[in-house]
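Please open the structure in a viewer and keep the sequence at hand. The tour below proceeds by selections, each followed by a description of what is found there.

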Amino acid sequence: MTATIQALIDAHSNQAGALLPILHALQAQFGYIPAEATPLIAHSLNLSRAEVQGVLSFYHHFRTTPPGKHVLQICRAESCQAMGGRDLETHAKAALGLNYHQTTADGCISLEPVYCLGNCACSPAVRVGDQIQGRMDVAQLDALIAELRQGAAA
């Protein structure tokens, strides 16, 4: 893994503001930023480990742990909130037994906020992978979660 991390760092280290492109490339490759990447990035960009860690902790997009098999994103933009998104997010947290940026104990589902899926006319919206589903309600969300869990068990 270290060789792959270093190759991705090297591929982006000459860009202006290279830290963010490197972090995006690592997350695209691994699904998260492995802990062993921090010292390699710091050394390559002449930054402290604290500076790299500060950027990782500031941007919620970056994960420092592997995501679940499925990432369930709930839109938190104004339109979705106005159409019941807050109730949906409260229900999802309770149904999954976790908060945003966490993964179920079985590694099946990670719950993430997203700030606009571009589906405002069909609010509230959720996304799993590349699939956006609009006009989501609690019953549909429960069915989606059951489907994701069933698919993971298969």
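**First stop: the aromatic rings**

Select Phe62, which is buried because its relative accessible area is 8%; buried means under 20% relative accessible area, exposed over 50%, and partly exposed in between (1.4 Å probe, protein chains only). Before going further, note that this is a predicted model, in which local features need pLDDT of at least 70 and side-chain atom pairs count only at pLDDT 80 or more, while totals for chains, interfaces and linings use all residues. Residues are numbered from 1 along each chain as its sequence is written, and side-chain values use heavy atoms, with hydrogens and water left out.

A search of the whole structure finds two aromatic pairs. Rings of Phe, Tyr and Trp (its six-membered ring) pair if their centres lie within 6.5 Å; planes under 30 degrees apart count as stacked, over 60 as edge-to-face and the rest as tilted. Add Phe58 and Tyr59 to the selection: their ring centres are 4.9 Å apart and their planes stand at 90°, so this pair is edge-to-face. Tyr59 also forms an edge-to-face pair with Phe62, at 6.2 Å centre to centre and 85° between the planes. Ring pairs thus link Phe58, Tyr59 and Phe62 into a cluster. Phe58 counts as exposed, at 58% relative accessibility, and Tyr59 is partly exposed, with a relative accessible area of 37%.

**Second stop: the salt bridges**

Which residue meets Glu112 in a salt bridge? Select Arg63: the two side chains meet at 2.3 Å, N to O. A salt bridge is a side-chain nitrogen of Lys or Arg within 4 Å of a carboxyl oxygen of Asp or Glu. The pair links distant parts of the chain, 49 residues apart: Glu112 belongs to strand S3 (residues 109–114), and Arg63 to the loop between helix H4 (49–58) and strand S1 (70–75). Helices (H or I, at least four residues) and strands (E, at least two) are DSSP runs, numbered from the N terminus. Both Glu112 and Arg63 are buried.

A search of the whole structure finds three salt bridges. For another of them, select Glu89 and Arg76, whose closest N and O atoms are 3.2 Å apart. This pair also links distant parts of the chain, with Glu89 in helix H5 (residues 78–96) and Arg76 in the loop between S1 and H5, 13 residues apart. Now add Lys93, which forms a salt bridge with Glu89 at 3.6 Å between the closest N and O atoms. Glu89 and Lys93 both lie in helix H5, four residues apart, about one turn of the helix. Arg76, Glu89 and Lys93 are thereby linked in a network of salt bridges. Within this network, Glu89 is buried at 7% relative accessible area, Arg76 is partly exposed at 24%, and Lys93 is partly exposed at 22%.

**Third stop: the sheet and the helix across it**

Display the strands next. Five of them form an open sheet in the order S2-S3-S1-S4-S5, with mixed pairing; two strands pair if DSSP finds at least two bridges between them. Strands S2 (102–103) and S5 (131–133) stand at the edges, each with a single partner strand, so one side of each has no neighbour in the sheet. S1 pairs with strand S4 (residues 126–128) in the antiparallel sense over three bridges. Select Gln73 to find Arg127 of S4 standing opposite.
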